[in-house]
Amino acid sequence: MTSTPLIERYRDLLPVGDATPVVSLGEGDTPLVEMPRLSERAGVRLVAKIEGANPTGSFKDRGMTIAVSKALEGGAEAVICASTGNTSASAAAYAARAGLRAAVVVPEGKIAAGKLAQALVHGARVLALDDGFDAALSIVRAIAERHNVSLVNSLNEFRIDGQRTAAYEICDALGDAPDALCIPVGNAGNVSAYWLGFTAYRDAERSARLPRLYGFQAEGAAPLVGGAPVERPETVATAIRIGKPARGQQALGAMAESGGAVDAVSDQEILDAYRALAVEEGLFCEPASAAAVAGALRRAAAGGFGDDDTVVCVLTGHGLKDPDTAIEGSAGLQRMPARLEAVEEALFA
């Protein structure tokens, strides 16, 4: 039995028609998982939306299924994107599925190994620039204007349409929108998408209320918090290492309209939440995902939620996207001779 494509599950709320070829890898329908230990610590109900359960391991697949389907419908010869990792992996996989060529432009040395491996194995042409993400995005936008290729970054409205579906799923699973949603902020398209999704569901009378949206950037890459672009953003959370978010103003508007806010968390807070998710809840996410939980914990400690609130934290990508961070932060391997006594001593002494 095969899974129903995301486009088919929410066709009436998506910009597709009978002529749209559906390019799908079985994306969406990701789980909501209770976080009892972190909820106890926070004093509020925390629930994780596990977007790392998508086919290429991140939320990007939601938008890519529509973006690539529409690129194919429109006769594009190829797709192109700038990326810090997850977009490149998703674009490469969905292009392969559609039989299209894919080109990926990344900032050299600023992409996690797991994501780079995905783009390469799916056959994308990967170009590494001696500059940051913002320069890469500027170049691919120009190329898309000059050639018959489809830009599949979050500037593509079809990407945003697809990413809305995560909000639909949350409402379906909870029976209504949550009280609050905490989400990492990089290029800021996902924040905008969630707000559009929640409002569309409310307007369609499939939910009764709207949540407050809280976005969290890393302190070293926090242009929306600081009110100005960051020329050389730095953070352990590579997926949100972006100094000039393409949808920054739209995201700020969405958060303000929702009654929420944007804030920044430190790399140490991100890593603490990253390890707590893994050790205390059994949830392995990439560091950028943990920014949402770090922010939720900080906000809860400051009394920023009601006692009866349900707070959904979006874990945007799987932990295997960035294996180096996982290994560096662990106790490491303990080597010993293959003797029963040695193993017993290591385990029980």
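1. One term before we start: two residues "meet", or are in contact, when heavy atoms of theirs lie within 4.5 Å. With that in hand, look at helices H12 and H13: Glu 269, Ile 270, Ala 273, Tyr 274 and Leu 277 in H12 meet Pro 287, Ala 290, Ala 291, Val 293, Ala 294 and Arg 298 in H13. Keep in mind throughout that this is a predicted model.

2. How do those two helices sit against each other? Their axes, H12's and H13's, come within 7 Å and cross at roughly 100 degrees. That makes H12 roughly perpendicular to H13, because angles of 65 to 115 degrees count as roughly perpendicular.

3. Now for the sheet that H12 belongs with. Six strands make an open sheet with mixed pairing, and the order is E1-E2-E10-E7-E8-E9. At its edges stand strand E1 (32-34) and strand E9 (261-265); each has a single partner strand, so one side of each is left without a neighbour in the sheet. From one strand to the next, the twist averages 20 degrees in the other sheet, which I come to below, and 25 degrees in this six-stranded one.

4. Inside this sheet, E7 and E10 run parallel and are joined by three bridges. If you want a pair to find on screen, try Ala 180, whose bridge partner in E10 is Val 311. Helix H11 (residues 248-258) lies across E8 and E9, and runs at about 140 degrees to E8. H12 packs on the sheet as well, touching E1, E8, E9 and E10, and its direction makes about 90 degrees with that of E9.

5. Next, the nonpolar cores. The largest one has 37 residues, and Leu 46, Cys 182 and Leu 277 are those with the most contacts inside it. Several elements supply at least two residues each, among them helix H2 (36-42), strand E2 (45-50), strand E8 (212-218) and helix H12 (267-281). H13 gives the largest share of this core, nine residues. There is also a second, separate core of 30 residues, which includes Leu 6, Tyr 194, Ala 251 and Met 255.

6. Leu 46 deserves a click of its own. Leaving aside residues up to four places away in sequence, Leu 46 touches a list of residues that includes Val 33, Leu 38, Ala 296, Leu 297, Val 311 and Cys 313. Val 311 is thus worth a second look: the residue touched by Leu 46 is also the bridge partner of Ala 180.

7. On to the other sheet. Four strands form an open sheet in the order E5-E4-E3-E6, and the pairing is parallel. The edge strands here are E5 and strand E6 (149-151), each of which pairs on one side only. Helix H6 (residues 133-146) lies across E3, E4, E5 and E6, and runs at about 155 degrees to E3.

8. Let's walk through the pairings. E3 (residues 78-82) and E4 run parallel, with five bridges joining them; Ile 80 stands opposite Ala 103 in E4, and Cys 81 has Val 104 in E4 as its bridge partner. E4 (residues 101-107) also pairs with E5 (residues 125-129) in the parallel sense over five bridges, where Val 104 is partnered by Val 126. E3 and E6 pair in the parallel sense too, over three bridges, with Leu 151 in E6 as the bridge partner of Ile 80.

9. The connections between these strands are worth tracing. E3, helix H4 (residues 86-98) and E4 make a right-handed β-α-β unit. E4, helix H5 (residues 113-121) and E5 make a right-handed β-α-β unit as well.

10. Is E3 mostly covered or mostly open? E3 is mostly covered, with five of its five residues buried. Ala 78, Ile 80 and Ala 82 lie on one side and Val 79 and Cys 81 on the other, so both faces of E3 are covered: all of these residues are buried, buried meaning under 20% relative accessible area.

11. Finally, a residue in a loop. Ala 228 is found between helix H10 (223-226) and H11. Its relative accessibility is 40%, so Ala 228 counts as partly exposed. Ala 228 and Val 126 are 102 residues apart along the chain, and their C-alpha atoms are separated by 30 Å.

Terms used: Residues numbered from 1 in each chain as written. Predicted model: local features only at pLDDT ≥ 70, side-chain atom pairs only at ≥ 80, totals over all residues. Heavy atoms only, no water. Pairing = 2+ DSSP bridges. Right-handed = clockwise from strand over helix to strand, strands pointing away. Axes fitted to C-alpha atoms, helices over the stretch in contact; angles between N-to-C directions. Core = buried A, V, L, I, M, F, W, Y, C linked by side-chain atoms within 4.5 Å. Buried < 20%, exposed > 50% of the residue type's maximum accessible area, 1.4 Å probe, protein only. Parallel < 35°, antiparallel > 145°, perpendicular 65-115°, else oblique.
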